[in-house]
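This report covers the nonpolar core, the salt bridges and selected surface features of one chain. The sequence and structure are shown first.

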Amino acid sequence: MIALIQRVTRASVAVNGDVTGEIGPGLLVLLGVEKEDNPQKANRLCERVLGYRVFSDENGKMNLNVQQAGGSVLVVSQFTLAADTNSGMRPSFSNGAAPQLAEELYDYFVERCRTLGTETQTGRFAADMQVSLVNDGPVTFWLQV
């Protein structure tokens, strides 16, 4: 399971012109699910995303996680993160989870974020989405479990 996290001052996602999720300061999480993923990996990745210290403390050091900084999370499914790009000029998606498993784990990840007390907004699984964001820093990290 893969999360590309970006520290943002604001972010939103729309489907067919309708906003499905929107946050102020926090993390935009692009979430990719691989075929070997399971709820235990989703739990671990959620802990890492919510616990990752990418927000500045009073001394300007990246020492606070999203919850400590009072931020929110916007989770957007992105199957292309599971792509194999090691050869050729076209990505292979053979590492990606089947759609049913991917949606189950995406929903599980989102619910886990909410259960752990983080305001969590979402896109719409498998939809053609338009994501807007202001990356703060820019700060972007790739987390994988």
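The largest nonpolar core of this predicted model holds 26 residues. Val29, Leu31, Leu45, Val49, Val75 and Phe109 have the most contacts inside this core. Two or more residues each come from strand E1 (2–15), strand E3 (26–32), helix H1 (39–51), strand E6 (72–77), helix H2 and strand E8 (129–144). Helix H2 gives the most, with 6 residues. In soluble globular proteins, nonpolar side chains tend to be buried together.

**Salt bridges**

Side chains of opposite charge can pair when their charged atoms come close. The count here comes to 3 salt bridges, listed below with the distance between the closest N and O atoms.

| Basic residue | Acidic residue | Closest N and O atoms |
|---|---|---|
| Arg7 | Asp136 | 3.3 Å |
| Lys41 | Asp37 | 3.9 Å |
| Arg44 | Glu47 | 3.8 Å |

Asp136 pairs with Arg7. Because Asp136 lies in strand E8 and Arg7 in strand E1, this pair ties together parts that are 129 residues apart in sequence. Arg7 has 11% relative accessibility and therefore counts as buried, the cut-off being under 20%. Its partner Asp136 is partly exposed, with a relative accessible area of 29%.

The salt bridge between Lys41 and Asp37 also joins a partly exposed residue to a buried one: Lys41 has a relative accessible area of 27%, and Asp37 has 6%.

Arg44 and Glu47 form a salt bridge within helix H1, where they lie 3 residues apart, about one turn of the helix. Arg44 is partly exposed, with a relative accessible area of 43%. Glu47 counts as partly exposed at 43% relative accessibility.

**Surface charge and the loop after helix H2**

Which residues gather in a patch of negative charge on the surface? They are Glu103, Glu104, Asp107 and Glu111. Of these, Glu111 lies in helix H2 and is partly exposed, with a relative accessible area of 42%. Helix H2 is also the element that gives the most residues to the largest nonpolar core.

Helix H2 (99–115) is followed by a loop that leads to strand E7 (120–122), and Gly117 lies in this loop. Is Gly117 buried or exposed? At 62% relative accessibility, Gly117 counts as exposed, since the cut-off for exposed is over 50%. Gly117 and Gly88 are 29 residues apart in sequence, and their C-alpha atoms are 43 Å apart in space.

Note on methods. Residues are numbered from 1 along each chain as its sequence is written. This is a predicted model: local features need pLDDT of at least 70, side-chain atom pairs count only at pLDDT 80 or more; totals for chains, interfaces and linings use all residues. Side-chain values use heavy atoms; hydrogens and water are left out. Helices (H or I, at least four residues) and strands (E, at least two) are DSSP runs, numbered from the N terminus. Buried means under 20% relative accessible area, exposed over 50%, partly exposed in between (1.4 Å probe, protein chains only). Patches are made of residues with over 30% relative accessible area and no salt bridge: like charges are joined within 9 Å, nonpolar side chains (Val, Leu, Ile, Met, Phe, Trp, Tyr) within 5 Å. Accessible areas come from the Shrake-Rupley method with a 1.4 Å probe; for residues, only the protein chains shown count as cover. A salt bridge is a side-chain nitrogen of Lys or Arg within 4 Å of a carboxyl oxygen of Asp or Glu. Lys and Arg count as positive and Asp and Glu as negative; His and the chain ends are not counted. The place of a charge is taken as NZ of Lys, CZ of Arg, CG of Asp or CD of Glu. A nonpolar core is a set of buried Ala, Val, Leu, Ile, Met, Phe, Trp, Tyr and Cys residues joined through side-chain atoms within 4.5 Å.
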